[in-house]
Amino acid sequence: MLNLSKINSLFPGQWGVPGSDAPLGIRSIPQSVTFYVDFDHPAANDANSGTDPDAPLATIQQAVDNLQHDFDQIIVRSIDPSGENVVTPISTATFSYVSIIGVGDTPYSPLWLPRVTTLPCLDLSAIGWNISGFKFGVTLNGSAIDLHFGDVDANGIAIRTIIHDNVFDGLTTGRYGIVSRGGYDNWIVNNVFQNFHNAVAGGAIPLWVGAGGLALPFHNHIIGNKFMDSDNGAVFPCNGSEIKDNVFQPVGFVYAMTLVLQSSLVATPGDDNIVWGNVFPGDYSIVGGYRGGAADIYIGNLATDVAEAEVGDNGLTILPPA
Amino acid sequence: MTDKEKQYVEELKNATTLPELKAVVDKAKKDGVKLHPAILAQAMDRIVDKR
């Protein structure tokens with residue numbers, strides 16, 4: 001274990017932020033442990049303890065298996081280019097509020113591919129985990145992150161999850177970015193979803209609510225994401241959630257969205273959501289790929305379709321699409 | 001809230017583990033009762049925060 005040399009630091013160093021360049025990283029709170037994963041490091045080995053960046057682990061899965069406390073951190077410098085399918089234990093068998101932080105050479109690296117393309121890169125059944133800094137590459141019919149909510153095991157619940165500042169790239173063949181089975185209080189913030197294109201019926205869906213969970217997502221926060229150049233955008237029927245500051249690109253460089261934003265579906269109606277401050281280009285209507293719940297509030301979104309009665313002359317939405 | 005809904009809300013409050021809670025939710029679904037997601041979240045919070 002590393003000595004606690006300073007507190008309240010950032011990792012890695014940020015230009016212009018004094019003291020943020022602690023070379024060995026830092027624990028977020030004193031009782032937590034930081035594990036290092038660096039597949040490309042000559043000393044990388046899953047037999048290491050993983051607490052020394054000079055003797056890191058080779059896989060994220062081993063770091064997940066090595067966790068010791070709530071609030072432990074996993075710092076990931078590089079990942080096996082063949083990919084990894086990481087599975088967390090259920091919430092009663094692992095720790096909560098764990099961070100997995102990508103710190104590659106660019107803001108959106110390392111690249112996290114699935115080893116088995118039909119399985120998620122990260123299969124998450126634990127509470128309060130925080131995932132940031134990765135570029136997820138999804139191919140074929142798998143997903144990048146699957147957030148369980150009682151669908152596989154009653155104790156497998158991904159609630160209070162924070163997924164922020166990642167790129168989810170469908171690599172022109174991938175189907176799903178984030179699949180939520182319905183957990184509540186999940187935050188999906190400042191991510192980019194791009195290039196999701198898949199030949200299966202309905203095409204690819206970058207942000208999707210999958211079947212089998214205990215309920216629809218509730219009190220989720222979908223904020224500041226970009227949905228670009230894909231078959232669909234966010235098909236996310238939910239209740240009491242906030243969807244704001246997202247940018248949708250219905251017609252991309254290659255692909256066009258059939259469903260742009262659906263906070264409610266006919267088969268699984270969501271409702272009571274607040275949808276504001278988003279950018280909604282194109283046909284602002286149900287036919288155009290937008291759908292809200294009966295009591296959703298769609299107000300103050302920027303829409304180009306001022307011909308619709310639900311859009312003011314100034315381009316701001318005043319009602320859900322019809 | 002109907003009597004049936006009230007009954008399921010009470011059962012949720014009495015659940016002490018997530019499998020017990022899931023059993024209540026599944027039973028309510030089969031019974032055609034839609035539970036308020038906030039009540040489900042409260043019941044779940046109570047269980048997971050007590051660990």
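The side chains of Arg160(A) and Asp49(B) meet in a salt bridge, with a distance of 3.0 Å from N to O. This is a feature of a predicted model, and the count between chain B and chain A is two salt bridges.

The wider contact between the chains can be described by residues and by area. On one side, 17 residues of chain B take part, and they are in contact with 16 residues of chain A. The area buried between chain B and chain A is about 1300 Å², and carbon and sulfur atoms give 65% of that area.

Over all chains, the count comes to 12 salt bridges. Within chain A, Asp80(A) forms a salt bridge with Arg115(A), and the closest N and O atoms of the pair are 2.5 Å apart. The pair links distant parts of the chain, since Asp80(A) and Arg115(A) are 35 residues apart. Asp80(A) lies in the loop between strand E2 (73-78) and strand E3 (86-87) of chain A, whereas Arg115(A) lies in the loop between strand E5 (111-112) and strand E6 (122-124) of chain A.

Chain B is described here through three helices, namely H1(B), residues 3-14, H2(B), residues 18-30, and H3(B), residues 37-49. The table sets out how they pack in pairs.

| Helix pair | Angle | Axis separation | Crossing |
|---|---|---|---|
| H1(B) and H3(B) | about 20° | 9 Å | right-handed |
| H2(B) and H3(B) | roughly 165° | within 10 Å | right-handed |
| H1(B) and H2(B) | about 165° | 8 Å | left-handed |

H1(B) and H3(B) pack at an angle of about 20°, and they are therefore roughly parallel to each other. In this contact Val9(B), Leu12(B), Lys13(B) and Asn14(B) of H1(B) meet Ile39(B), Leu40(B), Ala43(B) and Arg46(B) of H3(B). By class, the residues of the contact of H1(B) with H3(B) are five nonpolar, one polar and two charged.

The axes of H2(B) and H3(B) cross at roughly 165°, which makes H2(B) roughly antiparallel to H3(B). From H2(B), the contact is made by Leu18(B), Leu21(B) and Val25(B), and from H3(B) by Leu40(B), Ala43(B), Met44(B), Ile47(B) and Val48(B). The residues of the contact of H2(B) with H3(B) divide into eight nonpolar, no polar and no charged.

For the remaining pair, H1(B) and H2(B) pack at an angle of about 165°, and that makes H1(B) roughly antiparallel to H2(B). Here Tyr8(B), Glu11(B), Leu12(B) and Asn14(B) in H1(B) meet a set of residues in H2(B), namely Glu20(B), Leu21(B), Val24(B), Val25(B), Lys27(B) and Ala28(B). The contact of H1(B) with H2(B) has six nonpolar, one polar and three charged residues.

Some residues appear in two of these contacts. Leu12(B) of H1(B) meets residues of H3(B) and also residues of H2(B). Leu40(B) and Ala43(B) of H3(B) take part in the contact with H1(B) and in the contact with H2(B), while Leu21(B) and Val25(B) of H2(B) belong to the contact with H3(B) and to the contact with H1(B).

Notes. Residues are numbered from 1 along each chain as its sequence is written. Chains are lettered from A and ligands numbered from 1 in the order in which they are written. This is a predicted model: local features need pLDDT of at least 70, side-chain atom pairs count only at pLDDT 80 or more; totals for chains, interfaces and linings use all residues. Side-chain values use heavy atoms; hydrogens and water are left out. Axes are lines fitted to C-alpha atoms, for helices over the stretch in contact, and angles run from 0 to 180 degrees between N-to-C directions. Helices (H or I, at least four residues) and strands (E, at least two) are DSSP runs, numbered from the N terminus. Angles under 35 degrees count as roughly parallel, over 145 as roughly antiparallel, 65 to 115 as roughly perpendicular and the rest as oblique. A crossing is left-handed if the near helix is turned anticlockwise from the far one by less than a right angle, and right-handed if clockwise. Contact means heavy atoms within 4.5 Å. Ala, Val, Leu, Ile, Met, Phe, Trp, Tyr, Cys and Pro count as nonpolar, Asp, Glu, Lys and Arg as charged, and the others, Gly among them, as polar. Buried area is the accessible area (1.4 Å probe) that two parts lose on being put together, summed over both. A salt bridge is a side-chain nitrogen of Lys or Arg within 4 Å of a carboxyl oxygen of Asp or Glu.
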